[in-house]
Amino acid sequence: MDKFSSKLRIGEKIGIGFALVGLLFVGVIWHDHRTLRSVLDDYHQLQAVFEVRKSLALEIEIEMAAARDAEKSFLIHRQERFASEVDQRLQNLQQKGDRAGGG
């Protein structure tokens with residue numbers, strides 16, 4: 001290698017040096033692009049899971065509000081249908097909670 005480098009002129013050595021740096025730069029850019037693509041794919045998967053969980057959380061919140069309203073109606077009117085509605089809402093809430101927890 002020493003004989004090869006001694007036969008090269010200074011411009012050729014500089015050119016080879018720039019070529020090596022350029023190859024390293026292209027390798028770094030390629031690696032960065034691959035990593036960025038992987039991170040973005042993972043982010044999109046996480047975002048999809050988050051949207052499902054957010055939707056389930058909204059459904060749970062609606063069920064809780066409906067159960068509270070039925071409970072208030074039962075306490076005010078003392079009618080059996082409101083107690084049944086509370087029970088049904090709580091069962092719905094349990095099912096949605098299981099779906100949210102189990103994924």
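What percentage of the 103 residues in the protein chain is made up of buried residues? Buried residues, meaning those under 20% relative accessible area (exposed is over 50%, partly exposed in between, with a 1.4 Å probe and protein chains only), make up 13% of the 103 residues in the protein chain.

**View 1. Overall form and confidence of the predicted protein chain.** This is a predicted model, in which local features need pLDDT of at least 70 and side-chain atom pairs count only at pLDDT 80 or more, while totals for chains, interfaces and linings use all residues. Residues are numbered from 1 along each chain as its sequence is written, and side-chain values use heavy atoms, with hydrogens and water left out. The secondary structure comes to 3 helices and 0 strands, where helices (H or I, at least four residues) and strands (E, at least two) are DSSP runs numbered from the N terminus, and the pattern along the sequence is α-α-α. The C-alpha atoms fill a box of roughly 105 × 20 × 15 Å along the principal axes, and the radius of gyration is 33 Å, whereas a compact globule of 103 residues would have one near 13 Å; this radius is taken over C-alpha atoms, and the globule rule is 2.2 Å times the number of residues to the power 0.38. The pLDDT, the predictor's confidence in each residue from 0 to 100, averages 88 over the protein chain, with 94% of the residues scoring at least 70. Confidence is lowest in helix α1 (residues 2-7), at a mean of 70, and highest in helix α2 (residues 10-77), at 92.

**View 2. The nonpolar surface patch of Ile10, Ile14 and Phe18.** Together these three residues have about 360 Å² of accessible area, as computed by the Shrake-Rupley method with a 1.4 Å probe, only the protein chains shown counting as cover for residues. Patches are made of residues with over 30% relative accessible area and no salt bridge, like charges being joined within 9 Å and nonpolar side chains (Val, Leu, Ile, Met, Phe, Trp, Tyr) within 5 Å. Ile10 is placed in helix α2 and is exposed, with a relative accessible area of 63%.

**View 3. Arg78 in the loop between α2 and α3 (80-102).** Although Arg78 is not a glycine, it has a positive phi of about 55°. Most residues other than glycine have a negative phi. Arg78 counts as exposed, at 59% relative accessibility.

**View 4. Salt bridges between helices α2 and α3, including the pair of Glu63 and Lys96.** A salt bridge is a side-chain nitrogen of Lys or Arg within 4 Å of a carboxyl oxygen of Asp or Glu, and by this rule the count comes to 6. Arg99 forms one with Glu59, the closest N and O atoms being 3.6 Å apart; this pair links distant parts of the chain, with Arg99 in helix α3 and Glu59 in helix α2, 40 residues apart. Glu63 pairs with Lys96 in another, with closest N and O atoms 3.4 Å apart, and because Glu63 lies in helix α2 and Lys96 in helix α3, their salt bridge ties together parts that are 33 residues apart in sequence. Glu63 is buried at 7% relative accessibility, as is Lys96 at 16%, whereas Arg99 is partly exposed at 46%. Leaving aside its neighbours within four places in sequence, Lys96 is in contact (heavy atoms within 4.5 Å) with Glu59, Ile60 and Glu63. Glu59, Glu63, Glu85, Arg89, Lys96 and Arg99 are linked in a network of salt bridges.
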